[in-house]
Each structure stands twice: as C-alpha cells, then as structure tokens.
Protein chains: 2
Amino acid sequence: MLDDTSSYKPMDHRSPMDNRTGHRIVPETARRADLLPDRRSGTRYGNRPTMKDVAARAGVGLKTVSRVVNGEPGVTADTERRVQEAIEALGFRRNDSARVLRKGRTASIGLVLEDLADPFYGPLSRAVEEVARAHGALLINGSSAEDPDREQELALALCARRVDGLVVIPAGDDHRYLEPEIKAGVATVFVDRPAGRIDADVVLSDNFGGARDGVAHLIAHGHRRIGFIGDMPRIHTAAERLRGYRTAMADAGIPVEDSWTSLGVTDPQRVSRAAEEMLSGPEPVTAVFAGNNRVTVTVVRVLAEHRRPVALVGFDDFELADLLQPGVTVVAQDAAQLGRTAAERLFRQLDGILVTPERIELPTRLIARGSGELPPAG
Amino acid sequence: MLDDTSSYKPMDHRSPMDNRTGHRIVPETARRADLLPDRRSGTRYGNRPTMKDVAARAGVGLKTVSRVVNGEPGVTADTERRVQEAIEALGFRRNDSARVLRKGRTASIGLVLEDLADPFYGPLSRAVEEVARAHGALLINGSSAEDPDREQELALALCARRVDGLVVIPAGDDHRYLEPEIKAGVATVFVDRPAGRIDADVVLSDNFGGARDGVAHLIAHGHRRIGFIGDMPRIHTAAERLRGYRTAMADAGIPVEDSWTSLGVTDPQRVSRAAEEMLSGPEPVTAVFAGNNRVTVTVVRVLAEHRRPVALVGFDDFELADLLQPGVTVVAQDAAQLGRTAAERLFRQLDGILVTPERIELPTRLIARGSGELPPAG
DNA sequence: TAGAGCCTGGACAACGTTGTCACGTCCGGG
DNA sequence: CCCGGACGTGACAACGTTGTCCAGGCTCTA
C-alpha cells in the first residue's frame, strides 16, 4: 500500500490489531527518512502560526485569542479588533486536530461505500453529505471496492480519526470488528445491506418485494420462461432479489429451470454470455429480470443486437432509461432517500434519542417504460 | 447551518476569519447545552481506552505500547504479546487526532468538487482516492454545490483539519483565500477549471480544442447553421468551449447569429426551451453542439420528440450514449485521468519535487456514434 | 572479571487547543 | 466610602500521542 519510491511519509492507517502477527518491518527508505531533517526543522511543513503567535502579536493572552476565534463572549470590541488583525496578518487558521483532541468530538462522520464512481452511490453519498452539513458535520468517505478487508481497514481508519458516526454500506458479512467502536460511542448505521453478526441500525430497500413485483409484472404480461441474472448470493441484496424472483415464480406456479438463473456474474463479458445462453437453445426465455443496474445495461446491449424482442425489467433505475428504445422498465430504489434516512438516523443516535437498533425498509417503485410490457415472442 | 433542534453539538467549521464582522451570537440552545453534563462526564462519549490504560493493563510503560502499536523495533516478543492482549481486551484504537497533533502530518488530502452525484465527478473522485490510497493517505471530499462561498468554507475547513494537500475543482474565480495555506505548506492542485488570481498547479481538459474539433466535425458533415447551448461563461470550461465553437465557425468562414447561442442555462426546462427556439423559426439550426453532459441529455430528449433529424455533438461522454438512437457523438474527456493526474501531481508536490506551478492540459477525444454524422436536413 | 557496547523499557516534554479558575478593575448601591 | 457583583482577561492543566534521552541489565571481549 505504501509507495516506497515516494518520500511523502504519511501516517500508518493500519489498525493496531494488524500487528498481532509480529513486528512490522520498517522499510529501509522510511527508516532513512526518519533520520532526515524533515521533522519540524522547518524546511517543508512551514511552521504555521498558532494561537500563541497570534496572542504575542496582538499583545493579549492565549485564551483571549481562543475566545475571539470561537466567537465566545467576553471580549471588548477593541481587543477583538487587535486579535483579528493579528490573525489576518499571520494567516492563522485554527488547528482542528488539537481542538478535537481537547473536545473529544470531531464533528465529522464517515461513510464507507462500495465505489463512488458507481452512479448509485454518488447520490447516496451526496444525500448523506447534505444531512451532515445541516448538522454542522463534515463527511469523510471512502470506497471499499467491494472488498471486506478494505471495508474494515477503512472503517477502522475512520474510527481512529474519531469520527462521531459511521455510515457503512457493507462489503463483508461480519462486522463484529466494529463492536468496540460502537461500545465506545461511535454512532453506526448500515445502509443498503444489513450488518453481519452485529446488532445495529439498518436502512434497506425492499429488495425482496421489489424483485417479486418486477417479476410478477413480467408474468402478468404473459411471460412464463423468465431469466434472472444477478450478483453473487453472498451479497445480501442479490440474495433477496433472487428470493423475490423465486417467490414470484412460485406464486404463479411456474417451476424455475436451472438454466434460467445466472448468479455471481458482474463483468459485462460474462453477463453478455449468460444472457445469450438464456436466449438461445430450444426453449429460450422470453423475458429477463436483471438484478442490478450494471447488469441491466449490459443486457440492454445484448438485446439491442437480438432479433426477437425480449422483455426486460431491471432492478435500479438509471439515467436515460426512458430514452432507450424501448424504454427500460425498472424497479427503482431511491438512493438519495436511503442516504438521507440513514444519516438522519445517525444523528438521532448522536442526539442520544435512539437506543434500540432498528431495521428500516424503504419501498421500491416499479416504473413501466415499455421493455417490461413486451409480450412473449417466439 | 446549525440545526438547533438537535443536541448533537459539533464543532464550528467556520474559519476564524468569518468573525471579522463581530461577535457571533451563540444560539441559546447551544449555550444551554454547554451547561449540560454532556462534556466528559462520561455518559455518552464513553471514555475510550488510551495507551496509558493499555500500558497499565499490560504492566509496561506508555512508550512501549506506542512502539507496539506503531510496529517500531525494540520490543521483545513476550512484551509485545502482553501489550497486544491488553489492546484487544480493552478494544483500544489509536487516537489519530493526538497523533496528528504530535506529528504535524495528517496523511489525508482534501477534494473539493461540485457535486458527487454528478456522474462526471464520481470517477474523478474515485481516481483521486486510489492515488491517495497508494500513497497511504485518506481522502476527504466535499461538494461545493457550485457555490463559491461554500467552496471556500469547505476548503478552509479541510485546511483546519490540516490536510496535507488539497485538490480543488473551482466553483469561484478568486482563490487568494488559499494563499496563506499554500504558503504554510498545503500542497494544492486545481482540476477541471483554472485557479483564480493565484499561481498554482492546474490540470485541465482541452476544452477549447475539444469544442472546436466537435463543431468542426459538424461543419465537415455539411452543417452551417449550428447552435451552441452551454453554461454561464463565468465558468471557465463553459467559456473555453464557447470560444472553441466560435473559432471553428470562424475558421470555416461562417458568421454566427446571436439566436444560435444560448448561454447560462443549465436546468432542463430552460435548456429545452432554448433548444426548441433554435429549432423553430424561419432559419432553424440543423445541428446543435451541447456544452456539457447535462445539456446533452436534455437536448437528446428534445430531439427525440422532434420531427426533423437534427445533428448533435455533446461535450462529455456519458453512459449509454452508444445505445441511443442514433448513438450520440461526443467530445469525451477522461474524468478519471484528470483526477489521477492531479492527485499524482499533488503527491509530487508533497515529495518536494515540484516547485514551479504548471498548467497541464489533457487532450479530448471525439467519439463518432451517429448523431454527429447526420447530414443537414430541411 | 571488568569495561564496553547493545538491547529493552520508561520518564518526560511537547504538539495546539480549550475548560477552569482566579485576578484585577470598574460600577452602582448601601 | 466600602462592599458586592459583573466583566474582561490571563495562567494553567489537560487532552493522547510521539521524540528524546537516560537507566538498567545483558552479552561479549580483553
């Protein structure tokens, strides 16, 4: 993780626990760097002015500067002016690290999500940010890249930063590592997927119901041979959507053939192959239910090159779904609402209002645009 | 900004400078909260164990714990084991605030962007994050919502957190407020738009050249009456793209009529109206150049309901552009590459390698998909 | 066996801020 | 005229960590 060719020597974000197995070998370059006069000999990290400097320049006491900086009462207009002048002249900026150390609160919350580049998480993150901002807090977010280890690493790094609260979109299925943190007072809310082996607040979409309704929609339009392409059932949302698919089929008395479901594929190539397999053969499916927006888009691409019209319903809405030919029918979940709900619950925890962990499920909405209303062909 | 109905009492992120105009009125609720036993009476923010506690439990000295936690050499295996046990038993986690205070480096960088929910910035942010991670640093990002004041507030809040570096996507056009920070050693790189009234590193796309090529592409396909819909020229990228448009037209010897350009509109309704105006009248445009991805999408919607085919080239690529009918020809810029380049330059600054601010311009790429190759109609 | 050198571990100060408390001054009322 | 209180101000400790420095015990060699 460390780039040893670089002399930028950041702190080590690994948790103390990571040391369990023995001594860490300090890289040679880092050891050398330790000897270099990079500490506070003043070359690079130009000594910033402190309140002490401001106080000296303004000819007042340290605490008076603190009062001015924090807008506390009990400072005459004249003194305040002198202090302000000194602040501006020196370019002073309060050091929040010291402040946090003293106060015990950081006024920041952490968000661990899968991938900021995913159009589903952008709005979610933004919604959390807005709520945080409304409460005067800063949001720090990081991507787990769907890797449980990285999720843990990130969450614990945020805890080491002493964020007041944590919103986590789980990548892994065991979050006991957060128990000491929660016990220590870190407010925690899980979003999109439930927490693993730990009792905590969870905000979810109704993945099961949404998928069931989406598949039922296809059945209502005459389909019986319906394919399902989704993510690994290890991922809770994927499992729930699969369950919704199976339930809808069972409710309609339709036996599901193995060849109709494809699980665990996410990359476009394999999704394409899976879709093409379902669409060929002696008894091809006449409709496809896509388990998430990435799958949906790939399936759309496959269907675009397909002769026979095939019905499609996707989980997750996406931009431009209405402009495609035909428009793509989706089961939409409101990412921003998920984020907002989670963040608000987080702050209610911080207010000390909430005690019992709860599981909140937000409804989904079926949006018919054409692709889900195509009749069975062939 | 503060939600006074909430008892969550975060720190005040305003910069000290904001106090210039006088005392801040402390809200009554906040003052009351000061008296409540919420400080460190221990009810909520459960006293976390410190190294001292660990040391006591393990029966060793404080510094020995520090050594174990940081993987420093000079601790026997037996002592280390005892310390590790104590750490685990107490659920200790190093307090990075104290660490930062002591070390002077935070191993975190800040990113100020416009809106995380915008599909252009998600990948950019993610790219910056990955580079930061490779250098062992954490990324803190915030949205300015295109508001210069909010940009400043955010950037200064990040500086108060003592981020080691700052990547800024400017919303405003005056960044002199960052001068003291840069002087104090905060590495700074501006992305996507140049910094205002300050000499700093800038990473840009070739907005001018891209737009010129895009418009030239339309001209090459026989168009002469070409419309331009873009953002306020106050925004640098918008201005550059407009300049590219004008230059391409001038190069082809085509005089531009006022009614062909629409500036400063961003919301879908007004973009729609602007597009419809260009497309009606006695001498309608036969092609449109859209100044950014949001405009492009809206124009696509308008054109979809239009009788006559109208050619379209958009600045910025977007997902599914190839699946529309016809595929949308775009001038693509690589958001991730912008982020990567900026972040790498930032860390090179932190390494002390760079001295002279530079302006880096990344090329754009024209992707022909059909809409830009339509011949003039009417 | 004594002295030199290494290895392990701990005492202590410092980082920059804020909460506590105490000091001096000025005012009004007794 | 003096006392009580309000007000402006500053000295000081503490937050949790890390760098420095020193002490004591060990090994190794002469």
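**DNA strand D and strand 1 of chain B**

Reader: Which residues are closest to DNA strand D?

Author: In this predicted model, 26 residues surround DNA strand D, where near means a heavy atom within 4 Å. The closest are A:Gly61, A:Thr64, A:Thr79, B:Arg99 and B:Arg102.

Reader: Any ground rules on numbering and confidence?

Author: Residues count from 1 along each chain as written, chains are lettered from A and ligands numbered from 1 in written order. Local features need pLDDT of at least 70, side-chain atom pairs count only at pLDDT 80 or more, totals for chains, interfaces and linings use all residues, and side-chain values use heavy atoms, leaving out hydrogens and water.

Reader: Which helix gives the most to the surface near DNA strand D?

Author: Helices here are DSSP runs of H or I, at least four residues, and strands are runs of E, at least two, numbered from the N terminus. Helix 3 (62–69) and helix 5 (96–103) of chains A and B each supply at least two residues. The top giver, with five residues, is helix 5 of chain B.

Reader: Which residue has a polar side-chain atom 2.8 Å from a base nitrogen of DNA strand D?

Author: Two backbone contacts go to phosphate oxygens instead: A:Thr76 at 3.0 Å and B:Met51 at 2.7 Å. The base nitrogen is 2.8 Å from a side-chain atom of A:Arg67.

Reader: In strand 2 of chain B, what is the bridge partner of B:Leu111?

Author: Strand 1 (residues 108–113) of chain B runs parallel to strand 2 (residues 138–143), joined by six bridges; pairing takes at least two DSSP bridges. In strand 2, the partner of B:Leu111 is B:Asn141.

Notes. A polar contact is a pair of N or O atoms within 3.5 Å; within protein, one must be able to donate a hydrogen and the other to accept it, and residues adjacent in sequence count only if both atoms are side-chain atoms.
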